[in-house]
Amino acid sequence: MDPEVAANRVAWETASQKHVNEYDEHLAEAARLESLRPWELELLGPSLAEAPMVVHLQSGHGLDDVDLLAKGARTVVGVDYSSTAAAAAQWRARDLKVGVHYVVAEVPTVPLRDECADLVYTGKGALIWMRDIQAWAAEVGRLLKPAGRLYVYEAHPAVPLWSWDTDKPRIRDDRSYFAKSHINDSFPANGAQEWQWSLGDIVTACIRAGLEIEALEEYAEPFWRPGDGHRAAAWEGRLPNSFSLLARKR
Ligand SMILES: C[S@@+](CC[C@H](N)C(=O)[O-])C[C@H]1O[C@@H](n2cnc3c(N)ncnc32)[C@H](O)[C@@H]1O
C-alpha cells in the first residue's frame, strides 16, 4: 500500500473507534431510517425502484446502508479499509437483522467481481481519501453492470477553502481550490492527508471511465455539521458546501 494511504488507514482505524464508542446511539439512529437526505432520495429514486444490488464504497459507520435497504435496495455490500468501522457496522446490521455485508478492503482495489452492482453509492467524506481519482472512477466502472448507476453525495471541492468564522465567510489563506492535497485539521482523522479533486476532475474521471453524467447538483447545506453545534457563516446559504453526482454506465 502507498505509504500515505497506509498512514491515512491508521488514522481511520483510530477515528473509527468512535463508531464503537457510540454504538448504541448509532443503532438507534440507523433504526430511525432517516440517514439518506431528501435530495439523495430524489436522485436515487429511479435506481431504488428497481431493487438494485448496491455496493457502498467507503461505507464508514454504515448508517446509510440500513436506509438503502429500507428504501428499496435488494442487497448492500459495504467496503471500507477500517476493520473497526466495518466490524461495528456488521454488528449493527446483525442487531437490526438486516442483510448488509461488509468487506474490509482498500478502494480502488476492491475484491468484488466485475459487474456485480446495479448501483455504486459513495460520498460524505469519501473522495478526499482517493489518491488517484481516475483509478477510483475506473473501479466504479468495473463494479457496475451495464446501465448501472453511480451516485455520489459529497462535500463540495470548495469546502477546504471556507473558514469556520461565525461572523462572515472567509477564504483560508493557506488553501487553494487547485491544490493537490492538504492536511486535515478538524475531526475526524485529524493530521491525515486529504487529496483535493475539483468538480472538473471528478466529472472528467467519470466520463473517461465510460459513465454518462445524468445529474450534477450543488447545495448550500454541508453534508455534515459538527456535533458541538458550531455554525460557520460559510454554511448559511451563500456558498456551495456539498454536491450530488448521478451517472450511468454506458
Ligand atoms: C468520512 S468517512 C465517510 C464514510 C461514510 N460515507 C459515512 O458516512 O460514514 C470516510 C471513510 O472512508 C474510509 N476510507 C478512506 N480511504 C479509504 C480507502 N482508500 N479504501 C477504503 N476505505 C477508505 C475510512 O475508513 C472511513 O470509514
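What percentage of the 250 residues in the protein do buried residues make up? The figure is 39%. Keep in mind as you explore that this is a predicted model.

Let's start with the overall picture. The protein has eight helices and nine strands. Its radius of gyration is 17 Å, close to the 18 Å that the globule rule gives for 250 residues, so the protein is as compact as a globular protein of that length. If you drew a box around the C-alpha atoms along the principal axes, that box would be roughly 45 × 40 × 40 Å. The chain also brings together parts that are far apart in sequence: among contacts between residues at least 6 apart, 72% join residues at least 24 apart.

Now let's go inside. In soluble globular proteins, nonpolar side chains tend to be buried together. Here, the largest nonpolar core has 51 residues, and Val 120 and Leu 150 touch the most other members. Leaving aside residues up to four places away in sequence, Val 120 touches Val 55, Leu 57, Val 140, Leu 143, Leu 144 and Leu 150. Another core, of five residues, lies apart from the largest one, and its members include Val 159, Trp 162, Ala 232 and Ala 234.

Helix 5 is a good next stop. This helix spans residues 63–70 and is mostly covered, with seven of its eight residues buried. Those seven are Leu 63, Asp 64, Asp 65, Val 66, Asp 67, Leu 68 and Leu 69. What do the buried residues of helix 5 pack against? Their partners are two helices, helix 3 (23–32) and helix 6 (83–96), together with strand 1 (53–57), strand 2 (75–80), strand 3 (100–104) and strand 4 (117–123). After helix 5 comes Gly 72, whose phi is positive, near 135 degrees.

Next, find Trp 164, in the loop between strand 5 (144–155) and strand 6 (181–183). Is Trp 164 buried or partly exposed? With 15 other C-beta atoms within 10 Å, Trp 164 is partly exposed. Not counting residues up to four places away in sequence, Trp 164 touches His 230 and Ala 232. Trp 164 and Trp 235 are 71 residues apart in sequence, but their C-alpha atoms are 8.7 Å apart in space.

Finally, look at the ligand. It is surrounded by 18 residues, and the closest are Trp 12, Gln 58, Gly 60, Gly 125 and Trp 129. Sorted by class, this shell holds seven nonpolar, eight polar and three charged residues.

Key
Residues numbered from 1 in each chain as written. Predicted model: local features only at pLDDT ≥ 70, side-chain atom pairs only at ≥ 80, totals over all residues. Near = placed C-beta within 6 Å. Nonpolar A, V, L, I, M, F, W, Y, C, P; charged D, E, K, R; others polar. Buried ≥ 20, exposed ≤ 12 C-beta atoms within 10 Å, placed from the backbone. Helix = DSSP H or I, 4+ residues; strand = E, 2+ residues; numbered from the N terminus. Contact = placed C-beta atoms within 7 Å. Rg over C-alpha atoms; globule rule 2.2 N^0.38 Å. Core = buried A, V, L, I, M, F, W, Y, C linked by C-beta atoms within 7 Å.
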